[in-house]
Every structure is written in structure tokens, then in C-alpha cells.
Amino acid sequence: MNSETLILELPSRSMVIPFREIETADVANGWFWGGLQVRFASGNITVSGLSRPDAKAFGNALLRARLDWWRGALDSHAGKIQSVYDRLAQFADPPRYVSRTVFAPIDRDARDVVARFPSQCPEQLCDVAEIRMLKAIQDFSDDSERCRARACDTFVANELVRSGEFFDRVEARPLTDEQRRAVVVDEDRNLIVAAAGSGKTSVIVAKAGWLIQKGYRRPSELLLLAFAKDAQEEMKERVRKRLGAQLGAELTVRTFHSLGMSIISEVERRRPAVARAAVDDHALLDLLKGIVGDLIADPGFSGVMLRWFAGHFAPYRSEFEFQTQGAYWAYLRDNEVRSLQGEKLKSFEECEIANFLYLNGVRYEYERDYEHETATSGKRQYRPDFTLPDAGIYIEHLALSESNNTPPFIDRNEYLRSLDWKRRLHAKHGTVLVETYSHEKAAGKLTANLAEKLARHGVTLSPIPSQDTFSVLEQQGRIDPFTRLVATFLHHYKGAQLCADDVARRAARDQNRPRAEAFLAVFIPVYVRYQESLVRLRQIDFHDMITIATEHVKRGRYHNRFGYILVDEFQDISAGRARLLKALLDTSNTTQLFAVGDDWQAIFRFAGSDIAIMREFTARFGASERVNLETTFRCADRIADLASRFVLSNPAQIRKRVSSIFNADEPCVHVMVAPETCPDPLAEALNAIAAHTAGDDERSTVLLLGRYRHTRPQNIGVLARAHSKFRLSFMTVHGSKGLEADYVVVLDLCSGKYGFPTGIVDDPLLDLVLAAPEAFPHAEERRLFYVAVTRARHGVYLVVDTGAPSAFVEELMKEGYDVKVHGEQPERDVPCPECIHGRLQQRGNAQDRGIFFGCSLWPYCEYRQPGCPHCGTGLLAKIDGDYRCRDCRKAVEGCPTCFGWVQEKRGKYGRFIGCSNWPKCRYTRNVLEKRPGRSTVVKRNARTGE
């Protein structure tokens, strides 16, 4: 033995055991022999075969050596033991919140002390003061995180009392318990998940004031960040009013863009000029249009542009992906699938063929009558898909796979019979028929194969000269929409701080890879020219303010003086802003973050916001504490309950339980369905509000909300004068965020393209640069509806389209939500019986040729039916199993062979019963015959017309 180690010479080996690793050493005596058992950190060993006196002497010597080692070690580390113990003692009543940064050095020092000593000390030293302190440190290290949490709870409880007076007066009314807790919980990274109307701004102002009052931060160390200029000014005014003019002047309140500009100016020692294109959308579009015009003179770029407009102008989906013809036609309509020559075509692939012919100087006519007569009494004249009059060639594009299968909604046998008839017809008259196929498009060879087929028949292609490309596309009205797409893509590309390689990798994984890569081939040269123009003029745009500032911070060129960053409306943060924020936080491990937001109100993905940043707060910014603000000071409880349940239908939303300080005795959300006696549900809503507020002395605020600007009532001035007790105004739902009113009326709640939820689909190309789309259907629209409803204090009135009601309103009525319905349940539009997907809409007028109903997918679907034979104007639909008029409610007899109905007609031989769909349906019977049983519906082929 020496002063530091025990050395054992065993028959098989020697062992050296440091005293700091020895846990216990016990003498073991037998009848005649003795031994020694030594337990140490990495195992244990028994020394046996000793005489009992030798074993005892050995044990005593080892004990003395261990005691000497312990005393020496305690003496040498006494100062550190005392320091750690004293700091841990403060956990009984911590002077401040024990954040992970504050805790880390204590935890590290405690573990270092523990590591220098065995876990057990000799019994002879148990009463030594340093041993008692060491035991406390060891107990702490066994579960240090639990000790930290207990200390934080103690601090919060005590601080709520200590700062009670401050919390009572910092705002116009005392802070709630949860608001106070949000202030005093002071982790390195704090996420405050707030309900609508829960006082988010109050908490931010109180947090700033508390940090300064407690002396934790100087005013110059605080940075308050807002997203918009008006929010920044509102925050400045709130700070000045609640914390005083002096503090208001010392605190820094900025938008992300103004912060970026200040960082750039400080580092580069000059304030860069902001490009006109950054502040004027028209200037940006003009600039990009000019860049495209310049680039298109290059034959290489011209070819890229022509390939884009020929076959990638809209997202391609094969007919084989659709179950009904109507669903495919809706896709064509929604994506404005129209040829460069201006026709609406009946398939994307036909449009690609038409554009190929147009751009290569081949004159064609779409669906022109065949040159030989084919029409019969039951069949219309044959119209080939394309006629090339100069070449005497007809082109038929066939929806056939390589195995001769048709899309799901086309009868294969009937389609092939029709094709055989066409082939025989052309052979009979000696006309040239060129066939193209869907499987050629699937293989990426549609237009290349067509070029070869036409060449075999002597057709020479004469492509538009590159110098004429721009003017041709401009004449067709294609440049402006394309420029808008480029501008939108550019905003998100720069806002997300992407590079060409980033989007190229995303494009390679895209579902429609050829289109994505075709667009990038056009976009990247335009983007490069755009950037060159900024550099040449020594200007920046708003995205550069964030990107360049982030780079300066990361490279250490900017000295960050802000030790505490408070961010409002955190749910609206974008990837670029999050990178700037992270860079600032990484400049020092003592820089703290306090983020306040409501993921239920995340409604700006189209502007670059990424809801995942808030949902993944800890993963992105580090270990954090979350506090919920669940009390709303705005909405009555029955509004808050309905809105919460509605938005939480999406399981991805952060869960919180919202309660209100206001209790209502009856439903506060009203569904207004237009009754026959008053076809204006808005007027009914305003009358209902007027009746409800008749005894009030003060004027009520009534906010009309629309999903789109065009829903603003044209007669809003008349309405305001008619209801002079109201302060009546209109806003879009997006524009209303952050506002409130006594009553809210949500207008035009319908389905369809301009419905709520919206039927407008962004170009899928934007997914290359936007935050990942959410899996839950209409996730952002659902949050937008939540925003609309929670603007109201006392009541919400939902104005419903009776023909095509919003899916959201139907959900409220059918799923047992707490709503009151005024008027009859809305009747949905009648689906087109032919294409299924379209809806029947009234056409014509009583003064002209009379009322009839046609499909909403016209001209793709040509179905039409007359008005009710009884009243002449009503729409016939299936009601309670029978065909009835939705106006007069009288019944008619359905046709037994199709989806029409029978009615009396007069023909060459007198009166008879015939189908409303004649001549498509040939069903007839004698007027004296009895009504037969209804048979299977027989539909004509919507593709061939037969």
C-alpha cells in the first residue's frame, strides 16, 4: 500500500486499486482461517488463506490507509465541496428560476465532486461535516433533474407571491394565474401556447417589465420581435403605456425585417437600398417579365420555355387516376387546361398534342366535323379529335394503356368497338388516320412519336423562331400568369433560403418530376438574372434582409447585444426567420428565447410560414418549458368550446383546454339558412343581432367576414344606415386576425372553388419551396375558420349558401355542435346524373327559350335537362326516393331505363310517353300503358357520345 493505492500481489496476478475506488473492505473470519473482501467501483475481490490474526491486521492496516486517504481527499476538495453544497442549498428557495443554463454548471460541478469519491465512506467519518455535505451532493446527483424541477416549482410558487403587486398593476387589469406563471417560468427556451383572446401581448409586456424589475436583464438586452409593421407599432405603444416612456425608449421593438436591416447596416457600415421590386408587386412582375423577354432571345432558353408551355403548363394527371369522368373534367377546369390556340380540350394529353402542333406551325382544327356524313337519327356527326386541313390528316388520341385498357370511367368494350368503327370508317373513305395513345404519354414519348408519324405522311414541322416565341406567348396571354408563378416561387425560394441544389433534389423526388424539372430549367436562369440586377444596382429585397443578416450573425461579424429575445405570433414564423433567430441564440449560451403563439391560428403558409417550427419547438431550439394560456377574455364560453372542438378535429394541433370568463345561457353560433320568405340570410343575421341588442345603450361592433375580398356586400353602406346602432365593417378573415368585435357574420359559406374551405389549389410546384403540406384535409382552412369564429365576443352568424353549403357548416350541423339553425336545413346541389362530379345549375330564362338545367362542368359535360313539367322553373331531384321538384315539390315518374323522367309528348302518330333525355334515351310507351317497375340505369359513354 501507498497513500493512494492498494497493491495486491496474488498468485496469478498483481492488482492495483486506487483508494478512491474502494467502496468497502470487510474482514471475513472462518473457523481457522481469515480473509478480506474488498468491493470497488469495477468489481470485487476476496483475499483468502490468511490466518485470522493476519486477516485482522491486514484489515486494520487497510482501514487506516483508507481513513488517511479520505481525510486527505476531503481536505484537498473541501472548498469545492462547500461551494457546491452552498449552491445546492439555495435550491430550497432559489433566487431565480433554475434554467438549464443556470443549472448546468452546478450539475457539472456536483458530478465532478461525486466522481472523486467512492459511493460509500468509512463509518468512522460519518459525522465529519464534509462527509455530510458530500452525501447531500451524491443524493442530488442521483436524480439531479428531479431536484431542478422541484427547485423551479419552489421558485415559481414563491415568485408569484413576491411579484404579486407588479402583476396586479402591470396591465389594465391584474394578470391571471396562468399569465403570471408564463412570466415567472424562465427557462432558456420558453414556449407560450396561447388561446385566442388570452392576452398574449399582455404577457409579453409583463415579461419584459418583470425581467427588468428583477434585475435579470437590462432594457438594452431585450429584443421584442413582431412580424408586421403595425404589430411592431402596437407593441411599442403598449410597452410605453404600461412600462413607462423611459423604458419604452430603451427597449428594442422590431420586425424581423427591420432587425435584419439593422444588422446589415451595422456590419457593412452602410444602409443598403431596398429594391423597388421588393415594395411594388407590379414592379417585380415587370422586372421578371423583362428578364424572361431578354432570355427568350437565346435559342437554348427559348427551347426550354417552349417545352414548358407545350407540355408542363399545368400539373399533369392521367385519366387513369380518376374514377369518374366528371372528376377528370373538374381537374381540367380547375387547372385551366386550354391550348395555346385557345380551345378548351377534353384531356390534358390532347392539349399537349394541340400545343405541339401549334408551336411547330402545323395548322389544325379541334373536333371539326368529319368530311363525310355519318350522322343518323340517334347518333351525331363524327368529330375526330384533330383535323390537319393542309395535310388531309385526322388525329385520334386514344385513352388506352399498353394493354388496351381504358380509364375506370370508360367502358372498355364499348370504347374499343367505337375505335374499330372509326378505323373502318377512315379505311372506307380513304382518309388518313393517325393514332396517339395515353401509354405514349406515360412513357414520355407522346409528341416525339407524333412527330415521327406525321413525318411518315409528309408533314414538315416549322417551329416558331426563338425571336418570335415571346410575342406569340404574350399574344396568347401566357406570359403574365407564368410570370406570377415565377414571382411567387421566387419569394418562397429566397424566403426559405434555398439554393438550386436544394430544389433540384426536391424535384427529383417530386410526384411529377418531369414538370418540376422543366420549371426549374426556366426558373433558375430567371432567378440568376434577378439576383444580378440587385447586385448591379447595389440593392436588396426583403428576403435578403433576413438571409444576409443571418450570414453575418453566423460568421461572427455581428456582435449580438440581445440576451433575451421575445417573439410575438410565433406560429407565423418562416424557415428563414427561424434561422436568423437560431443564429442569434447561438451567439451565447446565456441568450434566452420567449416565444408566444397559437398554432390554432397558423393561417399564413401561403406567405411562407411553417407551422412545424412551433410544433417542433424543442427539437429546433433546444430543451424548453411550455406554458399554456387557456383563458379567453374575448369569446363567450359556448363560442370558445365550439371553436376548440372544431379545430382539434385535426390531431396534429397542440392540445389545450380553453375556458372563458363569460358564460352564455344559449347557443352563440347561429347558422343562417335563407328561407323562402326572406332570400337574404345576411339581412336576417343583422336583424337577429339588432333584436338581441335592442336594450343596449352602447353601439355594438359587427364585423362582416369573407373568405375572399369579392364577398364584401355591395350594399354595405345601405346596411350600415339601416342598422345605425351598429359599427359595421367588412374584412377578409386573414385580415381580421388579431381583431375582435361584439358580433361576427361570416359570409358566403359555400363549397366550390371560391368556397370556405376554398376549392382553389396552389400549383404543386410551390411545394418545392413551401413548408411540407399537412396530411389532415383542409388543415389550414380549418384554422382559418377557427380564426373567423373567435373574433366574436357574444355571437357568430354563419351565412350559408343553400345550394352548396360549406363542408364546415355541414360538419357543425351533423356532428352535434352547439349551434342554432335558422331556417330549413340547406339542400345540397343536385349532382349531374351523367358525369356525377358536376352540379346542375339553372340556365336560360323564362322569357327566352325557357328554364333548363345544365352541368357545372360545361362545356366538358354537355348534360342538360328541362325544368319541372309542373311549374316550369324548378329543378327535379330525388327526394324521398321519388323525383320531385325542389320548388313546387310535385312528383314526376322516373324513366325506367336512364336517369331522366317520363313525360307526355306529341309525335307523328299522336300522344305518347317519352323520356326527358330523348334522343339519348329512346324509351317510349303508349299513354294507356301502366307505369313499369324501374330498371337499371343505362348511361351513355361520356367519352364517345354513343
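Let's start at Arg889, which is partly exposed, with a relative accessible area of 36%. You'll find Arg889 in the loop between strand S30 (882-885) and strand S31 (891-892). Its backbone has a quirk: phi of Arg889 is near 70°, a positive value in a residue other than glycine. Keep in mind as we go that what you are looking at is a predicted model.

Where else does a positive phi turn up? Go to Arg269, where phi is about 60° even though the residue is not a glycine. Arg269 is also a loop residue, placed between H10 and strand S9 (273-274). Is Arg269 buried or exposed? With a relative accessible area of 78%, Arg269 counts as exposed, because the cut-off for that word is over 50%. Arg889, at 36%, falls between the limits of 20% and 50%, so it gets the label partly exposed.

Since we've just met H10, let's look at its packing. Two packed helices are described by the angle between their axes and the distance between the axes. Here the partners are helix H10 (residues 256-268) and helix H23 (residues 542-554), packed at an angle of about 55° with axes 8 Å apart. That makes H10 oblique to H23. The way H10 passes H23 is a left-handed crossing.

Which residues do the touching? On the H10 side they are Phe256, His257, Gly260, Met261, Ile263, Ile264, Val267 and Glu268. Across from them, H23 brings Phe542, Asp544, Met545, Ile546, Ile548, Ala549, His552 and Val553. Sorted by class, this contact has 11 nonpolar, three polar and two charged residues. Try picking out Phe256 on H10 and Phe542 on H23 when you trace the two helices in the picture.

Next up are two backbone oddities, both involving proline. A cis peptide bond joins Phe756 and Pro757, with omega at about 15°. Pro757 sits in the loop between strand S23 (741-749) and helix H31 (779-789). Further along, the peptide bond from Trp858 to Pro859 is cis too, and its omega is near 10°. Pro859 belongs to the loop between strand S27 (850-855) and strand S28 (864-866).

Now for the charged side chains. How many salt bridges does a search of the whole structure find? The count is 58. We'll visit a few of them.

Take Arg100 and Glu187, which form a salt bridge with their closest N and O atoms 3.0 Å apart. This pair links distant parts of the chain: Arg100 is in helix H2 (residues 100-115), while Glu187 is in the loop between helix H6 (177-184) and strand S6 (189-194), 87 residues apart. The two ends have their own surroundings: Arg100 is partly exposed at 27% relative accessibility, and Glu187 is buried, with a relative accessible area of 0%. There's a bigger story around this pair, too, as Arg100, Glu145, Arg148, Glu187 and Glu625 are linked in a network of salt bridges.

Another example is Arg383 with Asp369, where the closest N and O atoms are 3.0 Å apart. Both partners lie in the loop between strand S10 (365-366) and strand S11 (386-388), 14 residues apart. Arg383 counts as partly exposed at 41% relative accessibility, and Asp369 gets that label at 37%.

Then there's Lys453, whose side chain meets that of Glu440 in a salt bridge (2.9 Å, N to O). Lys453 lies in helix H18 (residues 446-456) and Glu440 in helix H17 (residues 438-442), so the pair ties together parts that are 13 residues apart in sequence. Are these two buried or exposed? Lys453 is buried, and so is Glu440.

Our last stop is Arg620, in helix H26 (residues 617-621). At 35% relative accessibility, Arg620 is partly exposed. Leaving out residues up to four places away in sequence, Arg620 touches Lys582, Asp610, Ala612 and Ile613. To get a feel for distances, find Leu160 as well: Arg620 and Leu160 are 460 residues apart along the chain, and their C-alpha atoms are separated by 30 Å.

How values were computed. Residues are numbered from 1 along each chain as its sequence is written. This is a predicted model: local features need pLDDT of at least 70, side-chain atom pairs count only at pLDDT 80 or more; totals for chains, interfaces and linings use all residues. Side-chain values use heavy atoms; hydrogens and water are left out. Axes are lines fitted to C-alpha atoms, for helices over the stretch in contact, and angles run from 0 to 180 degrees between N-to-C directions. Helices (H or I, at least four residues) and strands (E, at least two) are DSSP runs, numbered from the N terminus. Angles under 35 degrees count as roughly parallel, over 145 as roughly antiparallel, 65 to 115 as roughly perpendicular and the rest as oblique. A crossing is left-handed if the near helix is turned anticlockwise from the far one by less than a right angle, and right-handed if clockwise. Contact means heavy atoms within 4.5 Å. Ala, Val, Leu, Ile, Met, Phe, Trp, Tyr, Cys and Pro count as nonpolar, Asp, Glu, Lys and Arg as charged, and the others, Gly among them, as polar. Buried means under 20% relative accessible area, exposed over 50%, partly exposed in between (1.4 Å probe, protein chains only). A salt bridge is a side-chain nitrogen of Lys or Arg within 4 Å of a carboxyl oxygen of Asp or Glu.
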